[in-house]
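Dear colleague,

Please find below the structure that I am handing over to you, with its sequence. My notes on what was found in it follow directly after.

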Amino acid sequence: MACSSLLRLMIMPFVFAVLVTSVAHGAIVEHTFNVGNLSISQLCQPARIITAVNGQLPGPTINTSEGDTVVIHLVNTSPYNMTIHWHGRGSQWADGPAMITQCPVRPGSNYTYRFNVTNQEGTLWWHAHISFLRATVYGAIVIKPRGGADAYPFPKPDNEQVILLGEWWNANVYDLERMAFLTGIPARSADAYTINGKPGDFYNCSDGNNTYMFQVRRNETNLLRIINAALNTPLFVKLANHSFTVVAADASYTTPYPTDVVVISPGQTVDALLVPDADAAASPRGRYYIAASPYDSAIPNGPAFSQTTATAIVEYVGEGTNLTSPPNLPPRPEYNDTPTAHRFFSNLTALIIPGNPTVPLAVDTRMFVTIGLGVSDCQPAQLLCNRSAPPVFAASMNNNSFVPPTKISMLEAHFNNATEGVYTRDFPDTPPVVFDYTGDESDNATLQYTNKTTKVKTLRYNETVEMVLQDTRLIAKENHPMHIHGINFFVLAQGFGNYDEVNDPAKFNFVNPQERNTIAVPTGGWAVIRFVANNPGMWYMHCHYEAHLDFGLAMVFEVLDGPTPETSLPPPPADLPHSDEELRGMWYRHCHDEAHLDFGLVMVFEPPSPLNPGARDAGFRLRRRWCGSGESVGAGTSSYKGSRSAEEVGNMSISQLCMPERIITAVNGQLPGPTIFANEGDTVVVHMVNESPHGIFQRGTQWADGPAMVTQCPVHPGGNYTYRFNVTGQEGTLWWHAHISFHRATVYGALIIKPRGGAAAYPFPKPDEEEIVILGEWWNADVNQLHVDATETGRAAPHADNYTINGKPGASSGCADPNQTHKFELKQNKTYMLRIINAGLNTPLFFKIANHSFNVVAADACYTKPYTSDIVVVSPGQTVDALLIPDAGVAALGGSYYMAVTPYNSAANTPANILYSLTTATAVVEYSGSTPTVPPVMPRLPEYGDTATAHRFWSNMTALVPNRVPLAVKAHMFVTVGMGDTFCGPEQTRCMPNPAINGTIFASSMNNASFILPKTTSMLEAMYRKNSTGVYTRDFPDTPPIVFDYTANVAVPEETTLKHTFKSTKVRKLKYNETVQMVLQNTRLVDKESHPMHLHGFNFFVLAQDFGNYNETTDPAKFNLIDPQERNTVAVPTGGWAVIRFVADNPGMWFMHCHFDSHLDFGLGMVFEVEDGPTPDTKLPPPPSDLPQC
C-alpha cells in the first residue's frame, strides 16, 4: 500500500474534547489531540516554540478504566510528521512507531487511534514516536479497575497525583536530532530535568512559575503515578521526609515494596503510596521538595549529562502550614549509585492475583541478544558525516544496527505480504561472535563494528520466547531500558557480568517475577525475560534512550496470525496515514463554477453529491511519493471521485544543499505550494489561515488582491481570511505568492486557468501533457530575519544561496543528494507544454534544456504568436508557456537531459557575484523507455551579463491576434525607475549609513518618490471609507522633478541631489475608464538595471522597449499598435525604457512595483487609485465581513 492519503482535518479553538459512551463491555473514551505549536519560556530564556498537544506541557491525561476502548483523534497542526505510541498491550494499527506500524501523520493530516485497555490496570503513558519530539509530546494514561479505586489490591488512596518526569532543551529538539543523525555525533544532553513540565527552584532561573506544586492533606493516603518521560536519562526520585510503598510498575501490580527512593528509567512507570515519616506527620512546616536527579550508569563515563536536580513542592494544606519557610530538600544518591538503582530494579516482585497470567514454563525459542554501543560507517543519508574520520557511533542488538524502512511501514508490508525491500526475517538468535561481553573491548575495532540492517525475528502465534539481554562494553557498559511494544514480559532474573547459562538459571523467579514492558538491563550485566507471542503484528523492541534508538539499538518481532479471526491481524483502518512528500497538485471543487481551495489550517473540498448538484469532476495533478522515498507513483489527470480532504498551512521542515533541516513558512507543507486549477470564467475561493494571486484582474473582487497594507491588513498568526475572485477573460499560467516581507521565497504556487472547452480549445496544437516548472531562490537562512535585518539596517539582504526548480536546487548545487533534483519523466513522440514561472525574489533567469528548443505560446496568461527560441528568459513575476521541441537526436533516441537555470545580471557596474548567486539550478528531463544518459546532457548557458539575449527574447514576442489597443490617451506619464539614496528612518533602529554614499542608505524610487506602506489602515479601506488623511496623498507626479541624462553615469555636481529621494505614500488618481500611457525610464544614478515592473489588477500593452533615454519625438514611431504583447509584468531594459498602455476600468487601489523584493523594500513602488464607474457593477464593492483588521 503506497503511503498517501488526504484526510479531513478538524480545527477547534480548543480541541481537548472527551466523549465517554457506555457499551456492553466497557466505555468508549474519546479525545481529540491537536498537535501544534506552543510558545513557552523556561529557565529564564526567551519564549520559544515547541510542539505540544492541546497547548499543554505535559499533554493531557487519558483517564480510563479496564475494559474501555480509547479513541484518540490526532490532528497534526505542527510542522513535523507525527505519530503517537501508547504504552501497553495495544492494538496493532494504533501502536504508533513511525515506519514500524504506520507511516507518519503528515502536517495538516489526521488519524484516529483506537485501542482497548483490557486486562491492564495502573499507569501507562503516551508519547510521540518520531524524532526527538517526545521531549515535549507526551502525557499519562491512567487505567483504573472496573470497580474504581475501591477495587485496588492495596489500601484505597484518598488522592492520586500524576508525576511526569522529563528533560528540557533550550533548543529545537527536532533540529538536535537531525543534526545528530546527519553528523553521526550524539546530540548534547538536556539543559534541565522537569517535573510535570517545570524544572523547579534549583536552576539559575528561580521564577516561581517554573516550579510545580501539589497539595496534600494530613492523615490522607496519596498515590503517586510516576512516569519517566525523559529522552535519555534514568532518574532517582526522592521526597523529603517521606518514603514510598511501591504497588505497581508498568501497569502491573507488585508486592508492596517499601523504599525511600524510586529509580525509574525512561519508558517506565511506578505507582507508589506516599508514606510520611514521623517528622512530616508532626511538623507544622508542611512543605517538602520532591527531587529528581540523574542516574549515570555508564562505565567509563558516557557523554556529559546534566548534573542538575528538578524539584516540585509537596505542600500540606490545613492548620499549621508555614508557607514562608523553604521546603525541605531530600538527600539525593550520587549520580553513579548503581547499587541503589539495582536494588530497586531487582527487588520488585509481582502481586499474585488469581486469574492473572503466570510464567510459561515450556520455552519454544531461546535468544541470547547482546545490546550496546559500537561504530559504523557514515550512511548515505548522513550528509554532514565526516567520511574521512574514524567510524561514527552506532548501537546494535546482536551486531545488527536497526534502520527503519523508508517506503512503507513494516506492518503494512507484513499485512500485504510484500516485505521485499522493506525488511528481512533473519534477525539472529545469538551474536555472531562469542567474547567477554562486559570486559573492556574499547580497542577491538572488529568487535565494535556493526552493520545497518532492518531485520526481524519471526514468531509463531502463542510461541513462548526467552531472551537473555546481555549488556556489552565495546564502547562503554551502560544500563539500557529495553522496551517491547504490544507485549508484557516476565523478568525472571537480572545480574552483573556475563550471563552464565549453566549457573544463572538457578536464579530465575518462576513464582512471582515482576511483569513489565520496559526492563532496565543492569550496567555491565544481563536480564532474562520471558513472554508469550499472543498478539499478531509487528512489535518494536528498542532501547528507550532516544539517542540509542537513533543509533540503531532496536529490532522487531514479527508475530504471525493465530488460528482464528480473533487471533489474526485485522485489516488496516481506512484512514491509516500515508506520507506524501511531493504533492504538486491539489484537489479542487467546482460548485456552481466556484473552485474552492483552502490554504490554511482548514482545507475542505466537497465532492459531487445530491446536496451539491453544481459540482463536477475536477482534474488534478498529483505527484505522489512513498514514505520518505523519491519514487513517483502517480502523475497525470484523474477525476475527483468523492472524498473530503483537508490540508494545513504553516511551518515546514526541510533540508536543502546538504544543510541541516530547518523550518520555513509554506502552504500545506509543500515547496512550491499547491497548484490552483481553474477554467476561464470560474470563481476561485481560497480559505487562507495566517498569499496573493498574481495577475488576476480582481474585477469586483478588489479586496482579494492581497498586497499587505495596500488592499488589506495582514492576516495575523492564527487568523484567517477567504479570498474570492473570478478568472473571467483570462487563460494561461499565473501564480500566487505571499505579499509581505520576504515570505514569498517559500510561499508561492501556480495558478492554471484553462479554456472553458479544456485543452482542446487551446489556440495552438493540443499538448499531450503539461508540466509546471516553478523557478525559485533558496537561502540557508531565515528569510524573514533577512528582511528584518535589511529593513532595520538599510543594507541590502544577501543574495540567495542557490536557485531551485520546483523547490529543488539540483545536481549542480554541490550537494550530492539525489532527492534534491526534480525529475520530469517524458515519453517520446508526445507533445509537452511547460508552464514556466519565475517565483524568485530578486533574479531574472535564463532557462534552457539541453538538445531542446521552445515554441512560446503565451506569457503572463496572454496568448502570443508562436515564437521559437532555444532559450526562455523570465524575470521575477513573469510566466511563459512554451511547447517543448526535442531535436532530432532526442526524438530518435530519448535519453536524459538537464534543464538548467542561471542568473541574468543586467547591472552595468555591479559585479554579478555581488547581486546574484553565480550558481545553476538543474532538473532532469528523462525519456522513459530509453537508455538514460549518465550524466544527463548539460545545455550551454549564456554568460551572466548577456543582455542581448535577454532583450531579444523579451522584445520579440507579439500577441496572437490583433489587440484593441486604445488609441486615445488621457493620462501621459513619464516615470523614472531606479536606485538612489535616502536618510535613515525613525524605525530603522540599527541603521548603518554607508560612507560611500554620503552617509545615507540605499533607496529606490519612481519619479523620485520612494514608496512606504501605511501603518494603521490599508489604502483600499481608506479609499472606500473616504478617509485618506494620514494614510496616503494623491500627488504622485506624472514626470520626474528634474530632467537629466537618465542612463548616463551621473558625474555632475548635482549628482547627490539627483540620487537623494524622500519616503512618501503617494498615489496617482485615475478616473474610471481613463486610458493611461506610461513611459518607464530606467536610471543609472546608482547603477542601471533591468526592473520587472508589475501592475496589480490590470494587464497592459507593451508598445515598445529599447535602450538609452526615451525620445518622445522619435520613439513613438516604434510603437506596436497592432499586436503588442499583453502582460502584467514588463522587464524594463537595463539602461533603457518601456512604454505601456492600459485602461483604468477596475475601481480600487492597484499597486505598481518592481518585482525584485529587495527593490520593493527600498521603495520602488506606487499605487493607482481608480475611481468608481457610473454603475453598481463598476463601483468598489463593500469589504467582506472577514477582512483582516490591522
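In these notes, two strands pair if DSSP finds at least two bridges between them. Helices (H or I, at least four residues) and strands (E, at least two) are DSSP runs, numbered from the N terminus. The model is a predicted one: local features need pLDDT of at least 70, side-chain atom pairs count only at pLDDT 80 or more, and totals for chains, interfaces and linings use all residues. Residues are numbered from 1 along each chain as its sequence is written, and side-chain values use heavy atoms, with hydrogens and water left out.

Two open sheets

One open sheet has five strands in the order S46-S54-S53-S48-S51, with mixed pairing. Its edges are strand S46 (823-826) and strand S51 (872-874); each has a single partner strand, so one side of each is left without a neighbour in the sheet. From one strand to the next, the twist averages 20° (axes are lines fitted to C-alpha atoms, for helices over the stretch in contact, and angles run from 0 to 180 degrees between N-to-C directions). Strands S48 (residues 845-849) and S53 (residues 896-903) run antiparallel and are joined by five bridges; Lys 848 has Ala 900 in S53 as its bridge partner. Helix H10 (residues 947-955) lies across S48 and S51, at about 90° to S51.

Another open sheet of five strands has the order S59-S67-S66-S61-S64, also with mixed pairing. Here strand S59 (1067-1070) and strand S64 (1129-1132) stand at the edges with a single partner strand each, so one side of each has no neighbour in the sheet. The twist averages 20° from one strand to the next. S59 and strand S67 (residues 1165-1170) run parallel and are joined by four bridges, and Val 1067 has Val 1167 in S67 as its bridge partner.

Helix H7

Helix H7 spans residues 783-793, and its Val 783, Leu 786, His 787, Ala 790 and Thr 793 are buried (under 20% relative accessible area; exposed is over 50% and partly exposed in between, with a 1.4 Å probe and protein chains only). These residues cover an arc of only 150° around the axis (the arc is that of the directions from the helix axis to the C-beta atoms), which puts them on the same side of H7. The buried residues of H7 pack against strand S56 (1001-1006) and helix H13 (1157-1162). Gly 794 follows H7 and has a positive phi, near 80°.

Phe 1107

Phe 1107 belongs to strand S62 (residues 1100-1107) and counts as partly exposed, at 37% relative accessibility. Leaving aside residues up to four places away in sequence, Phe 1107 is in contact (heavy atoms within 4.5 Å) with Thr 947, His 951, Pro 1133, Thr 1134, Gly 1135, Gly 1136 and Trp 1137. The C-alpha atoms of Phe 1107 and Thr 1134 are separated by 7.1 Å, although the two residues are 27 residues apart along the chain.

Aromatic pairs

A search of the whole structure finds 40 aromatic pairs (rings of Phe, Tyr and Trp, the last by its six-membered ring, with centres within 6.5 Å; planes under 30 degrees apart count as stacked, over 60 as edge-to-face and the rest as tilted). Among them is the tilted pair of Trp 86 and Trp 126, at 6.3 Å centre to centre and 45° between the planes. Trp 86 lies in strand S6 (residues 84-86) and Trp 126 in strand S8 (residues 122-128), so the pair ties together parts that are 40 residues apart in sequence. Both Trp 86 and Trp 126 are buried. Tyr 762 and Phe 764 are stacked, because their ring centres are 4.9 Å apart and their planes at 15°. One aromatic cluster consists of Phe 33, Trp 86, Tyr 111, Tyr 113, Phe 115 and Trp 126.

Salt bridges

The structure holds 32 salt bridges (a side-chain nitrogen of Lys or Arg within 4 Å of a carboxyl oxygen of Asp or Glu). One of them joins Arg 225 and Glu 160, at 3.0 Å from N to O. Arg 225 is buried, with a relative accessible area of 2%, whereas Glu 160 is partly exposed, at 28%. In another, the closest N and O atoms of Arg 1127 and Asp 860 are 3.1 Å apart. Arg 1127 lies in strand S63 (residues 1126-1127) and Asp 860 in the loop between strand S49 (852-859) and strand S50 (862-869), so this pair ties together parts that are 267 residues apart in sequence. Arg 1127 and Asp 860 are both buried. Salt bridges that share partners also join Lys 144, Glu 160, Arg 225 and Asp 271 into one network.

With kind regards
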